[in-house]
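Good morning, and thank you for making time for this presentation. Please look at the sequence and the structure as they appear, and keep them in view while I speak.

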Amino acid sequence: MAKLTEFGAWAGLAALNNPKKYVGLIKSVSLDRIDIMVNDGSKKKPFHLYKSEDVLVAALKVFKDAGINVSITTWGQPDGTWTAGMAAVGRVATRAGVDQVTLDLEETWITPLKNKSDMEILTWTVGLIGTLKTTFSGLIALAPIVYANKKVLDIACQMVDQIIPQCYSTVKNVPGSGHDGSLERATMNLYKGYGAPIVMGAAAWNLHGAYGKNAVDAVRTSLEATLALGVTEVRYWRFEFLTGEILDTIREFLG
């Protein structure tokens, strides 16, 4: 059986508030990579980091110094403060020695742009990613919702180095039976054409009933489908849900 080559997860502000505690938790879970949110853009508002650049750098270095692979995730909005803010995100990543920055471009990015011209979408996208690249030379990833508006995200998908679709096989998204792996296959069909390596975003919550199975079998079904598609890296939303039988099942797939 194929095995996972990278077992990753997202974490939020709690990891930045207590990095030493989270280092121990991450190692106990056998996680290969932690991807830490550095801001919240789920509602329309000006760019703002959770903490000052210096404090973020110090917290991220705790993970790096402990030998943990670290990414950071930033939201994005088509707003001048967010475009300019990408320089700050890049500085934090560079100073902390982080090797990846993930762009979370969800509704607050897509909704304002969905009725705009192709040129306006191009301008905002190039501005956002281009500004990030002025202060960060590492890998840039995009974490889109699976069935996101492709008109808005197409340019971003072409510009990034990696795509991490939010393939969350929860009971809400795949409630029926008889279609094992359908969301994973649909995800690959939508994003493989860009040529960027795919890391499968995966769910660790609301699993009972997904694909018509109990939670453990739903996790197993999703991972089997992911590996069958040739994808060997996963990133779970979110770290705090990786416990008990869910974690034990994922460990069956670790190399």
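In helix 2, Pro19, Lys20, Tyr22, Val23 and Ile26 meet Ala59, Val62 and Phe63 of helix 3, where contact means heavy atoms within 4.5 Å. By class, this contact has 7 nonpolar, no polar and 1 charged residues. As for the classes, Ala, Val, Leu, Ile, Met, Phe, Trp, Tyr, Cys and Pro count as nonpolar, Asp, Glu, Lys and Arg as charged, and the others, Gly among them, as polar.

Before going further, I should state that this is a predicted model, in which local features need pLDDT of at least 70 and side-chain atom pairs count only at pLDDT 80 or more, while totals for chains, interfaces and linings use all residues. Residues are numbered from 1 along each chain as its sequence is written, and side-chain values use heavy atoms, with hydrogens and water left out.

Helices (H or I, at least four residues) and strands (E, at least two) are DSSP runs, numbered from the N terminus. Helix 2 covers residues 19-29 and helix 3 covers residues 53-65; they pack at an angle of about 30°, with their axes 9 Å apart. Axes here are lines fitted to C-alpha atoms, for helices over the stretch in contact, and angles run from 0 to 180 degrees between N-to-C directions. That angle makes helix 2 roughly parallel to helix 3. Angles under 35 degrees count as roughly parallel, over 145 as roughly antiparallel, 65 to 115 as roughly perpendicular, and the rest as oblique. Helix 2 passes helix 3 in a right-handed crossing; a crossing is right-handed if the near helix is turned clockwise from the far one by less than a right angle, and left-handed if anticlockwise.

After helix 2, in the loop that leads to strand 2 (33-37), lies serine 30. Its phi is near 70°, a positive value in a residue other than glycine.

I turn to a second pair of helices. The axes of helix 4 (residues 80-96) and helix 6 (residues 118-135) come within 7 Å and cross at roughly 25°. That makes helix 4 roughly parallel to helix 6, and helix 4 passes helix 6 in a right-handed crossing. Helix 4 contributes residues including Gly80, Trp82, Ala87 and Arg91 to the contact, and helix 6 contributes residues including Trp124, Gly127 and Leu128. Which classes of residue make up the contact of helix 4 with helix 6? There are 8 nonpolar, 8 polar and 1 charged residues.

The third pair is helix 9 and helix 10, which pack at an angle of about 30° with their axes 9 Å apart. Helix 9 is thereby roughly parallel to helix 10. In this contact, Ala215, Val216, Val219, Arg220 and Leu223 of helix 9 meet Glu245, Ile246, Thr249 and Ile250 of helix 10. Its classes are 6 nonpolar, 1 polar and 2 charged residues.

Between strand 8 (233-237) and helix 10 (244-251) there is a loop that holds arginine 238. A cis peptide bond joins tryptophan 237 to arginine 238, with omega about -10°.

Finally, I come to the empty space. On a 1 Å grid over the protein atoms alone, a cavity is a set of points where a 1.4 Å probe fits but cannot get out, and a pocket is an open set with protein on both sides within 12 Å along at least five of seven lines; lining residues have an atom within 4 Å of a point. Grid points are joined across faces, edges and corners, and a volume is the space filled by probe spheres set on the points.

How many cavities of 30 Å³ or more does the structure hold? It holds 1, and about 50 Å³ of space lies in the largest cavity. Helix 9 gives the most to its lining, with 3 residues.

The largest pocket has about 470 Å³ of space. Its lining has 21 residues, of which Ile145, Gln166, Tyr168, Asn173 and Trp205 lie nearest its centre.
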